Amino acid sequence: MDYRKIGTRIKTRRVYLNETQENVAIGAKVTKTFISNIENFKADNIDIGKLHAICVYLSLDFGMFVKEVLKND
């Protein structure tokens, strides 16, 4: 799994929606540090349930998101 793609995609969507890391963290029931680590490519073992919760909060289709980040360049 490409953690850089995950972080980039989540940050891009969050900024597009004009959401703060704190709002996403609260809405997805994760910590702000967790969101920051993902966006700054510091997370190398991301819980799939937490990732799903973030996608739901950001209105990202989880299936499409997973396909996108697993796709080879």
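These notes walk through a predicted model, point by point.

1. **Ground rules.** This is a predicted model, in which local features need pLDDT of at least 70 and side-chain atom pairs count only at pLDDT 80 or more, while totals for chains, interfaces and linings use all residues. Residues are numbered from 1 along each chain as its sequence is written, and side-chain values use heavy atoms, with hydrogens and water left out.

2. **The core.** Start inside. The largest nonpolar core has 18 residues. Such a core is a set of buried Ala, Val, Leu, Ile, Met, Phe, Trp, Tyr and Cys residues joined through side-chain atoms within 4.5 Å. Buried means under 20% relative accessible area, exposed means over 50%, and partly exposed is in between (1.4 Å probe, protein chains only). The members that touch the most other members are Ile6, Ile10, Val30, Ile38, Ile46, Ile54 and Phe65. Helices H1, H2, H3, H4 and H5 each supply at least two residues of this core. Helices here are DSSP runs (H or I, at least four residues), numbered from the N terminus.

3. **Phe65 in that core.** Which residues does Phe65 touch, not counting those up to four places away in sequence? They are Ile6, Arg9, Ile10, Leu51, Cys55 and Leu60. Contact means heavy atoms within 4.5 Å. Ile6 and Ile10 are also among the core members that touch the most others.

4. **Salt bridges: how many?** A search of the whole structure finds 2. The term means a side-chain nitrogen of Lys or Arg within 4 Å of a carboxyl oxygen of Asp or Glu.

5. **Glu68 and Arg9.** One salt bridge joins the side chains of Glu68 and Arg9, at 3.3 Å from N to O. Glu68 is in helix H5 and Arg9 in helix H1, so the pair links distant parts of the chain, 59 residues apart. Glu68 is partly exposed, at 40% relative accessibility. Arg9 is partly exposed too, at 25%. Arg9 also appears among the contacts of Phe65.

6. **Glu39 and Arg14.** The side chains of Glu39 and Arg14 form a salt bridge as well, at 2.6 Å from N to O. Glu39 lies in helix H3 and Arg14 in helix H1, so the pair ties together parts that are 25 residues apart in sequence. Are these two residues buried or exposed? Glu39 is buried, with a relative accessible area of 5%. Arg14 is buried, at 10%.

7. **Gln21 joins them.** Gln21 lies in helix H2. At 15% relative accessibility, Gln21 counts as buried. The side chains of Gln21 and Glu39 share a polar contact of 2.8 Å. A polar contact is a pair of N or O atoms within 3.5 Å; within protein, one must be able to donate a hydrogen and the other to accept it, and residues adjacent in sequence count only if both atoms are side-chain atoms. Leaving out residues up to four places away in sequence, Gln21 touches Arg14, Lys32, Ile35, Ser36 and Glu39. Both partners of the Glu39 and Arg14 salt bridge are in that contact list.

8. **Charges over rings.** The charged end of Arg4 sits over the ring of Phe41, 4.0 Å from its centre. The charged end of Lys50 sits over the ring of Phe34, 5.1 Å from its centre. The test is NZ of Lys or CZ of Arg within 6 Å of the ring centre and within 35 degrees of the ring normal.

9. **Phe41 up close.** Phe41 lies in the loop between helix H3 (32-39) and H4. At 33% relative accessibility, Phe41 counts as partly exposed. Not counting residues up to four places away in sequence, Phe41 touches Tyr3, Arg4, Gly7 and Thr8. The C-alpha atoms of Phe41 and Asp61 are separated by 21 Å, with the two residues 20 apart along the chain.

10. **Two backbone points to check.** Most residues other than glycine have a negative phi. Asn18 has a positive phi of about 60 degrees, although it is not a glycine. Asn18 is in the loop between helix H1 (3-16) and helix H2 (21-28), and is exposed at 70% relative accessible area. Ser59 also has a positive phi, near 55 degrees. The place of Ser59 is the loop between helix H4 (48-57) and helix H5 (62-70). Ser59 counts as exposed, at 55%.
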